[in-house]
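This briefing introduces the structure shown below to a reader who has not met it before. It begins with one helix and then turns to the core and the chain as a whole.

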Amino acid sequence: MTTEYSSAQLMSLAERGMLDKTQLADLLPEEPRSAFLAACAEVEREFTHDCAADGETCLPAGCALEGESCLNALLAAAPEYNKACGRLWLPLFRSSKHTA
Ligand SMILES: [Zn+2]
């Protein structure tokens, strides 16, 4: 991803949940990127679990994607989900900058 933001600005945006997972992943070199995406998948499973937790699932018959990631749950949780991914991303981004 080409960006006009500095590293400090990117970290601030990520912290505030203003960058989504794809944007964050694009900012990482290949190796931490796969670790980052794996960590995000864990977060997605947690949010997906939450979709059914309050008895209000995204579909009347139940959550559309139980056991995997529920897009509806992620959209509903969007700022929190982006922030959670941002928290996972920050240390990876920092260390990739230090070694670059
Ligand atoms: Zn759902």
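**Helix α3 and its surroundings**

In this predicted model, the buried residues of α3 are Phe36, Val43, Glu44, Phe47, Thr48 and Cys51. Helix α3 covers residues 30-53, and a glycine with positive phi follows it.

*Geometry of α3*
- The 24 residues of α3 should span 34 Å because each residue is taken to add 1.5 Å, and the distance of 35 Å between the end C-alpha atoms agrees with this.
- Glycine 55, which comes after α3, has a phi near 80°.

*The largest nonpolar core*
- The largest nonpolar core has 21 residues, and those touching the most other members are Leu24, Phe47, Ala73, Leu74, Tyr81, Cys85 and Trp89.
- Two or more residues of this core come from each of α1 (7-15), α3, α4 (71-76) and α5 (78-99).
- Helix α5 gives the largest share of the core, with seven residues.
- Leaving aside residues up to four places away in sequence, Phe47 touches Ala73, Leu74, Ala77 and Tyr81.
- In soluble globular proteins, nonpolar side chains tend to be buried together.

*The chain as a whole*
- The chain contains five helices and zero strands.
- Its C-alpha atoms fill a box of roughly 50 × 20 × 20 Å along the principal axes.
- The chain has 100 residues, of which 26% count as buried.
- Of the contacts between residues at least 6 apart in sequence, 58% join residues at least 24 apart.

Key: Residues numbered from 1 in each chain as written. Predicted model: local features only at pLDDT ≥ 70, side-chain atom pairs only at ≥ 80, totals over all residues. Helix = DSSP H or I, 4+ residues; strand = E, 2+ residues; numbered from the N terminus. Expected span 1.5 Å × (residues − 1). Buried ≥ 20, exposed ≤ 12 C-beta atoms within 10 Å, placed from the backbone. Core = buried A, V, L, I, M, F, W, Y, C linked by C-beta atoms within 7 Å. Contact = placed C-beta atoms within 7 Å.
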